[in-house]
Amino acid sequence: MDNDQQHISIKHWATEDKPREKLLDKGSQSLTNAELLAILINTGTPNNSALDIAKKVLGLAGQDLLGFAQLNYEQLKNVKGLGPKKAVTLLAAIELGRRGKLALAMQRIQIKNSREAFELLAPFFGDETQEHCHALFLDQSSKVIRVEHISSGGLASTVVDPRIIFRKALQLKNTTQIIVAHNHPSGNLQPSIADKLLTEKLEKGGQLLDLFIVDHLIIGHNNFYSFADNGLITLSFLRKQG
């Protein structure tokens with residue numbers, strides 16, 4: 001495809017270059033991320049094709065699908081050529097992708113390390129500007145049972161009541177292990193004194209109920225800090241399985 005073709009409407013492109021036709025002819029895996037987004041965007045503007053707009057969206061996300069999954073309505077609707085309706089369409093696609101990823105995770109045999117736990121939990125936090133806490137409940141084989149929202153807070157903290165976590169765990173059949181995660185909107189992943197105290201409190205409370213806190217993740221800016229990886233969890237799932 002030459003540069004001139006990028007500045008004309010997709011409907012005037014050669015059939016083999018049109019995203020929809022390419023998908024039907026060669027399969028969805030043959031399309032670039034931008035081409036897949038262009039199908040969702042559907043139509044362009046006089047000066048920008050749907051593919052041009054898709055490339056702008058990916059540019060806003062840093063050319064990263066995890067970054068795309070964290071875009072919000074305000075960011076999307078302000079992309080030139082997108083607008084409110086198409087922004088909602090993309091948000092719906094993001095949410096379907098998140099739910100599909102969660103459904104796939106539910107079929108995993110095990111969550112074997114902190115990276116797998118992060119990849120599962122990160123979409124639940126998105127680009128939130130407030131702190132939130134979620135808990136990942138696992139059975140004895142570290143198979144995912146459910147992810148539950150625990151609490152929401154302000155810009156710098158959220159109050160986490162261990163009793164809520166343990167109550168939800170006891171309500172779920174076969175829960176023996178718990179991974180707690182909260183976000184730092186600032187992107188600073190270092191645990192605060194309050195984070196460390198919460199982890200200690202959760203560990204002590206869990207031991208009384210035969211519920212093991214196997215990790216505590218701090219998530220921010222597409223990265224994470226693992227209490228287990230840094231030796232701050234008494235019985236991490238890595239040590240338990242080893």
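Buried means under 20% relative accessible area, exposed means over 50%, and partly exposed lies in between. Keep these cut-offs at hand for the exercises below. The model is predicted.

**Exercise 1. A salt bridge between distant parts of the chain**

Task: Find which residue forms a salt bridge with K168, and decide whether each partner is buried, partly exposed or exposed.

Solution:
- Step 1. Find the partner. K168 forms a salt bridge with E148. The closest N and O atoms are 3.5 Å apart.
- Step 2. Check the cut-off. A salt bridge needs a side-chain nitrogen of Lys or Arg within 4 Å of a carboxyl oxygen of Asp or Glu. The 3.5 Å of K168 and E148 fits.
- Step 3. Place the residues. K168 sits in helix α8, and E148 sits in strand β2 (residues 144-152). They are 20 residues apart, and the pair links distant parts of the chain.
- Step 4. Classify E148. Its relative accessibility is 17%, so E148 counts as buried.
- Step 5. Classify K168. Its relative accessible area is 21%, so K168 is partly exposed.

**Exercise 2. A salt bridge inside one helix**

Task: State where K77 and E74 lie and how many residues separate them.

Solution:
- Step 1. Start with the contact. The side chains of K77 and E74 meet in a salt bridge, at 3.7 Å from N to O.
- Step 2. Place the residues. Both lie in helix α5 (residues 73-77).
- Step 3. Count along the helix. K77 and E74 are three residues apart, which is about one turn of the helix.
- Step 4. Classify K77. Its relative accessibility is 27%, so K77 counts as partly exposed.
- Step 5. Classify E74. With a relative accessible area of 45%, E74 is partly exposed.
- Step 6. Recall the principle. Side chains of opposite charge can pair when their charged atoms come close.

**Exercise 3. One more pair, and a network**

Task: Give the N to O distance for R163 and D161, then name the residues joined into one network.

Solution:
- Step 1. Read the distance. The side chains of R163 and D161 meet in a salt bridge at 3.0 Å, N to O.
- Step 2. Classify R163. Its relative accessible area is 61%, so R163 is exposed.
- Step 3. Classify D161. At 23% relative accessibility, D161 counts as partly exposed.
- Step 4. Look for shared partners. Salt bridges that share partners join R146, E148 and K168 into one network.
- Step 5. Set this against the total. The structure holds six salt bridges.

**Exercise 4. Helix α8, its neighbour and a surface patch**

Task: Describe how α8 and α9 pack, then find the patch that includes L170.

Solution:
- Step 1. Take the angle and the distance. Helix α8 and helix α9 (residues 193-208) pack at about 40°, with axes 10 Å apart.
- Step 2. Name the arrangement. That angle makes α8 oblique to α9.
- Step 3. Give the handedness. The crossing of α8 and α9 is right-handed.
- Step 4. Locate L170. This residue belongs to helix α8 (residues 162-171).
- Step 5. Classify L170. Its relative accessible area is 56%, so L170 is exposed.
- Step 6. Add its patch partners. L170, L208 and L209 form a nonpolar patch on the surface. Together they have about 340 Å² of accessible area.

**Exercise 5. From helix α2 into a loop**

Task: Decide whether I41, N42 and P46 are buried, partly exposed or exposed.

Solution:
- Step 1. Begin with I41. It lies in helix α2 (residues 33-41). Its relative accessibility is 2%, so I41 counts as buried.
- Step 2. Go on to N42. It lies in the loop between α2 and α3 (50-60). At 44% relative accessibility, N42 counts as partly exposed.
- Step 3. Check the backbone of N42. Its phi is positive, about 75°, although N42 is not a glycine.
- Step 4. Finish with P46. It also lies in the loop between α2 and α3. Its relative accessible area is 83%, so P46 is exposed.
- Step 5. Compare sequence and space. I41 and A87 are 46 residues apart in sequence, with C-alpha atoms 8.5 Å apart. P46 and G81 are 35 residues apart along the chain, with C-alpha atoms separated by 9.3 Å.

**Exercise 6. Another positive phi**

Task: Where does N222 lie, and what is its phi near?

Solution:
- Step 1. Locate N222. It lies in the loop between β4 (212-220) and β5 (223-226).
- Step 2. Read the angle. Phi of N222 is near 65°, a positive value in a residue other than glycine.
- Step 3. Classify N222. Its relative accessible area is 35%, so N222 is partly exposed.

Technical notes
Residues are numbered from 1 along each chain as its sequence is written. This is a predicted model: local features need pLDDT of at least 70, side-chain atom pairs count only at pLDDT 80 or more; totals for chains, interfaces and linings use all residues. Side-chain values use heavy atoms; hydrogens and water are left out. Patches are made of residues with over 30% relative accessible area and no salt bridge: like charges are joined within 9 Å, nonpolar side chains (Val, Leu, Ile, Met, Phe, Trp, Tyr) within 5 Å. Accessible areas come from the Shrake-Rupley method with a 1.4 Å probe; for residues, only the protein chains shown count as cover. Helices (H or I, at least four residues) and strands (E, at least two) are DSSP runs, numbered from the N terminus. Buried means under 20% relative accessible area, exposed over 50%, partly exposed in between (1.4 Å probe, protein chains only). Axes are lines fitted to C-alpha atoms, for helices over the stretch in contact, and angles run from 0 to 180 degrees between N-to-C directions. Angles under 35 degrees count as roughly parallel, over 145 as roughly antiparallel, 65 to 115 as roughly perpendicular and the rest as oblique. A crossing is left-handed if the near helix is turned anticlockwise from the far one by less than a right angle, and right-handed if clockwise.
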